[in-house]
Amino acid sequence: MVQRFKPICSNHLQDRQDILTYFYICLNKKRNTMKAMVLTGIRQMEMRDIPDPELVNSNDVKIKMSVVGICGSDIHYYTQGQIGSQKVQFPFSVGHEGAGVVVQVGNAVKRVKPGDNIAIEPAMPCWECDQCLAGRHHTCRKLRFLGCPGQAEGCLMEYIVIPEKSCFPLTGNLTTDHGSISEPLSIGVYAVKKSECTKTLNIGIFGYGPIGMSVMLAAKEQGVDNIYVTDIIDERLTIARKEGAYITGNPSGENIVEKIRQKEPLGLDLAFECCGKQEAFDQAIELLKPGGRILVVGIPEFDKWSMNVESTRRNEISVQFIRRQVDCVEQTLNLMNDGSISIDNMVTHRFPFAKTKDAFDLVAGYRDGVMKAMIDF
Ligand SMILES: [Zn+2]
Ligand SMILES: [Zn+2]
């Protein structure tokens, strides 16, 4: 005889759901939650409770975030939802300029221990592909980068888990601010290294946000004196003069090509495009001497650069694009630790974690002479 189950009455269903809810709460109690700031749409973000991350691999390190710097690339994702083909799937957390304290380590971790303050290298390469094996792990084929859509969530959250190789202990005079700033600053150090610049060269920095400033600090550290800086924000030019720029100019109010050419009639040896603007690129090309080089560090909001055939061809200009940096974090931390580079003029604004949106709006609007805004946890 086929036994038929009695249909469950609504009362029973209620009981069952209660039991399920009870177990759900118990499970959630075991798995703690934490606060994360997530982008939820264009110019939209909110604080959400998400599960606390757990160690997965034996070389994993769990970090409690102390500070995160806001990067121009974070702002691109906030205002445009994408950089080129890298599109945000909302909700998504950005942030990759972080420093924090180690709270838990996997069995195989040797380099750091709980309680250590560390700088975070946001790039997590595979260490196995042709690029990694060639020492180009910044262009790894399977790169995972914090806060990069389709790769890894960012660090604008209370805790993150990253591999040991992404942890750089902060020792000596180094604070968590140094740790966070080491990310953009190492890009300047790398760009200057790639430029092969020497003391006697004259260089132009077109765009003086945190990346332009990082190039300046790295070039100064190399002993370069003849540095020309342009930006459309006067407060930034004031900082550039404090850092030792020879001549500064604001292209929205003056003809900077003429101004710089008056001082350097033969032209510039090297130019660094650090704002991702076609005008800045064109001005740099126009100012380079024959045989000059331009390094393009800025991230544009458009898809194609254009360049003047006549001046680039006749002057045999070299163009070098820069993709973040490779192997420069440790050197950058050392330069700050021994006082060769000071970041005293870099951080202009600070916000508590809960006010992250205010910080993004300020940076996106280039308001209040902002250079680098930091989020404190
Ligand atoms: Zn950055
Ligand atoms: Zn790789």
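Donors here are N, O and S atoms within 2.8 Å of the metal (3.2 Å for Na, K and Ca); water is not among the atoms, so sites may look incomplete. In the zinc ion (ligand 2) site, the donor residues are spaced C-x2-C-x2-C-x7-C in sequence.

This is a predicted model, in which local features need pLDDT of at least 70 and side-chain atom pairs count only at pLDDT 80 or more, while totals for chains, interfaces and linings use all residues. Residues are numbered from 1 along each chain as its sequence is written, chains are lettered from A and ligands numbered from 1 in the order in which they are written, and side-chain values use heavy atoms, with hydrogens and water left out.

**Zinc sites**

Four donors count as tetrahedral if all angles lie between 85 and 135 degrees; four count as square planar and six as octahedral if opposite donors are over 155 degrees apart and all others between 65 and 115; anything else is irregular. The table sets out both sites.

| Ion | Protein donors | Donor distance | Donor angles |
|---|---|---|---|
| Zinc ion (ligand 1) | Cys-71 (SG), His-96 (NE2), Glu-97 (OE), Glu-183 (OE) | 2.2 to 2.6 Å | 84 to 168° |
| Zinc ion (ligand 2) | Cys-126 (SG), Cys-129 (SG), Cys-132 (SG), Cys-140 (SG) | 2.3 to 2.4 Å | 102 to 118° |

The site of the zinc ion (ligand 2) is tetrahedral. Why is the arrangement around the zinc ion (ligand 1) irregular? Its four donor atoms subtend angles of 84 to 168°. Along the chain, the donors of the zinc ion (ligand 1) follow C-x24-H-E-x85-E. Cys-71 sits in the loop between β3 (60-69) and α2 (72-80), and His-96 in the loop between β5 (86-87) and β6 (97-105), so this pair ties together parts 25 residues apart in sequence. Helices (H or I, at least four residues) and strands (E, at least two) are DSSP runs, numbered from the N terminus.

Buried means under 20% relative accessible area, exposed over 50%, partly exposed in between (1.4 Å probe, protein chains only). Cys-71 is buried at 14% relative accessibility. His-96 is buried at 3%. At the zinc ion (ligand 2), Cys-132 is buried at 7%, and Cys-140 is buried at 7%.

**Aromatic rings**

Rings of Phe, Tyr and Trp (its six-membered ring) pair if their centres lie within 6.5 Å; planes under 30 degrees apart count as stacked, over 60 as edge-to-face and the rest as tilted. The whole structure holds five aromatic pairs. One of them, Tyr-228 with Tyr-246, is edge-to-face, 5.5 Å centre to centre with 75° between the planes. This pair links distant parts of the chain, 18 residues apart: Tyr-228 is in strand β13 (residues 227-230), Tyr-246 in the loop between α6 (234-242) and β14 (247-249). Tyr-228 is buried at 1% relative accessibility. Tyr-246 is partly exposed at 43%. Elsewhere, Phe-281, Phe-302 and Trp-305 make up one aromatic cluster.

**Helix α5**

Helix α5 (residues 210-221) has 12 residues and spans 16 Å from its first C-alpha to its last, close to the 16 Å expected at 1.5 Å a residue. Nine of the 12 residues of α5 are buried, leaving the helix mostly covered. Among them are Met-213, Val-215, Met-216 and Leu-217. The buried residues of α5 pack against α4 (176-195), β12 (203-206), β13, α6, β15 (268-273) and β19 (372-376). Gly-223 follows α5 with a positive phi, near 90°.

Key:
The expected span of a helix is 1.5 Å times one less than its number of residues. Contact means heavy atoms within 4.5 Å.
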